Amino acid sequence: MPREPIAQGSDNVVAGLPDSNALERVGTWMALHDISESRVARASRLSGGAIQENWRLEMDDGKSYVLRTDADAAIPTSCTRAEEFYRYRLAFEQGARVARPNGFCLDSNVIGKPFFILEFVSGITAGHLLARNDAYVPDRHALASELGQLLGVVHLTPASNARAVFGAAPQSAASASIEHIRKQLDGLAVPHPALELCLRELEVRLGQATDAVFSHGDYRTGNYMVDNGRVSAILDWEFSGWGHPNEDLGWFTAPCWRFGRPAMGGGGIGPLQSFLDGYQEATGRAVHPSELVDWQALAQVKWAVIALHQEQRHVSGTQRSLELALSGRLVSELTLEAMNLLEIR
Amino acid sequence: MNATEKMVDLLDVAHSTLTNEVVPSLSRQDRYNSLMVANAIRIAARHFCSTQERHTTAPASGLLGESAIVKGIRAGQFDNGSAMRAALIVNLRNRLVQQLAVDNPRVLDNLQNSSRAH
């Protein structure tokens with residue numbers, strides 16, 4: 001799921017939004033909602049959305065915004081754009097480093113589908129560049145630590161605020177997560193006993209864990225933007241919700257999200273300890289790397305199941321794509337790594 | 001060369017032509033797409049080779065179907081201490097290793113011998 005840096009001067013337009021009438025309607029809607037008095041001069045599509053489309057809106061006054069709306073295909077776990085908007089707003093109100101959400105539009109007369117407007121933030125997201133090119137990350141300790149701190153800020157959200165968006169917390173967020181993955185496995189045509197065995201092991205080990213916080217749900221390299229070596233915005237909140245705090249930590253540090261830098265346990269971009277130190281600085285909670293091993297195994301399993309669904313989308317004809325087809329070729333590695341982490345050998 | 005070997009050879013030469021003669025002159029996005037195509041060709045070639053070399057691996061159990069095994073796993077019948085667990089693990093790991101030899105052999109040694117420490 002590679003995401004390119006912000007498209008520069010892209011003419012990669014699709015039907016709907018770039019139409020001048022649609023742009024005029026968006027501009028009118030933004031003025032009505034006190035977002036901008038300026039006209040939309042131009043819209044260019046930003047890359048990276050299998051689940052949603054992101055458009056950069058360049059205004060006559062020189063400012064830019066991002067319009068986020070549904071893509072044609074959605075994977076089973078994605079939420080509605082309205083739900084996602086409320087998640088962005090919750091994160092923003094808690095002081096998380098996230099692009100300011102400016103307004104949600106349900107009126108299909110504007111662009112034909114719901115959308116919301118975010119502040120435009122510059123930066124790059126491409127994991128392979130952040131992991132391998134020091135020009136983008138001059139201080140790897142500092143970036144890893146900052147990412148730990150920023151996640152801590154999200155996890156410190158008062159439970160009452162999270163409840164207002166997500167309802168009551170589950171009795172065990174870990175069990176809920178495992179159950180969710182099982183349901184996704186049930187939606188596949190073929191059984192996957194190795195993944196099932198890992199999930200069962202995780203259920204035995206983690207099923208009693210009761211902590212639940214506002215979790216990002218997809219906090220990993222590739223889902224935040226870096227500008228001048230610092231995080232400019234955390235992206236993609238559609239999977240956020242109640243979660244055990246270690247689930248986010250395990251997802252960020254899992255072997256599958258290190259972008260070819262296995263020694264860089266902090267998401268491939270920096271040392272694991274720096275990431276955990278930053279997290280402790282924000283939350284006061286010291287996490288030992290050994291506490292995360294089971295959660296990293298959960299991450300491997302979760303990504304394997306997502307990859308299987310992506311492959312199925314291709315195979316079923318829903319969305320023919322070589323990239324989706326190749327996702328299925330990741331599953332054996334992801335599963336074997338999960339078994340190793342769980343010492344199932 | 002038998003028919004399968006000829007097919008593998010065809011895929012090899014297609015891969016070599018693509019990576020050596022086409023990719024170097026491409027733009028960044030075209031290069032990315034072409035390298036995905038090259039990867040897919042290599043995976044298909046390794047799949048042909050592996051199916052020629054080995055007969056189909058036995059399912060996870062000689063008697064039980066995969067769905068029954070999954071049901072048993074969820075019910076805890078293969079938990080630690082169960083008599084059937086060791087045989088299931090050996091079978092599952094063997095199948096994963098064989099599949100990984102097709103999908104991404106570069107990481108195979110590392111994952112077969114990796115320790116738990118991360």
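Student: How many residues of chain A are in contact with chain B?
Tutor: Keep in mind that this is a predicted model. Counting contacts from both sides, chain B puts in 27 residues. On the chain A side, the number in contact is 27.

Student: Which element gives the largest share of the side of chain A that touches chain B?
Tutor: The elements of chain A giving two or more residues to that side are helices H8 (193-206), H11 (293-315), H12 (322-327) and H13 (331-341). With 8 residues, the largest share comes from H13(A).

Student: And how many residues on that side of chain A are nonpolar?
Tutor: Let's split that side by residue class. There are 5 polar and 8 charged residues. The nonpolar ones number 14.

Student: Stepping back to the whole chain, what is the radius of gyration of chain A, and why does that make it as compact as a globular protein of that length?
Tutor: Chain A has 13 helices and 9 strands. For 345 residues the globule rule gives 20 Å, and the chain's own value is close to that, so chain A is as compact as a globular protein of that length. Its C-alpha trace spans about 60 × 45 × 40 Å along the principal axes. The radius of gyration itself is 20 Å.

Student: What share of the contacts in chain A comes from residues 24 or more positions apart?
Tutor: As background on the chain, 47% of its 345 residues count as buried. For the contacts, take those with a separation of 6 or more. Residues 24 or more positions apart account for 69%.

Student: Which strands sit at the edges of the open sheet of 5 strands in chain A?
Tutor: Read the strand order, E1-E2-E3-E5-E4, with antiparallel pairing. From one strand to the next, the twist averages 25 degrees. An edge strand pairs on one side only, and in chain A that picks out E1 (40-46) and E4 (101-105).

Student: Inside that sheet, which residue is the bridge partner of Glu53(A) in E3(A)?
Tutor: Strands E2 (residues 52-59) and E3 (residues 64-70) of chain A pair in the antiparallel sense over 7 bridges. In E3(A), the partner of Glu53(A) is Thr69(A).

Student: Which helix packs on the sheet touching E1, E2, E3, E4 and E5 of chain A?
Tutor: Start with helix H2 (residues 81-93) of chain A, which touches E3, E4 and E5 and makes about 160 degrees with the direction of E4(A). The helix you're after has a direction about 105 degrees from that of E1(A) and covers residues 20-32. That's H1 of chain A.

Terms used: Residues are numbered from 1 along each chain as its sequence is written. Chains are lettered from A and ligands numbered from 1 in the order in which they are written. This is a predicted model: local features need pLDDT of at least 70, side-chain atom pairs count only at pLDDT 80 or more; totals for chains, interfaces and linings use all residues. Helices (H or I, at least four residues) and strands (E, at least two) are DSSP runs, numbered from the N terminus. The radius of gyration is taken over C-alpha atoms; the globule rule is 2.2 Å times the number of residues to the power 0.38. A residue is buried if 20 or more other C-beta atoms lie within 10 Å of its own, exposed if 12 or fewer, and partly exposed in between; C-beta atoms are placed from the backbone. Two residues are in contact if their C-beta atoms, placed from the backbone, lie within 7 Å. Ala, Val, Leu, Ile, Met, Phe, Trp, Tyr, Cys and Pro count as nonpolar, Asp, Glu, Lys and Arg as charged, and the others, Gly among them, as polar. Two strands pair if DSSP finds at least two bridges between them. Axes are lines fitted to C-alpha atoms, for helices over the stretch in contact, and angles run from 0 to 180 degrees between N-to-C directions.
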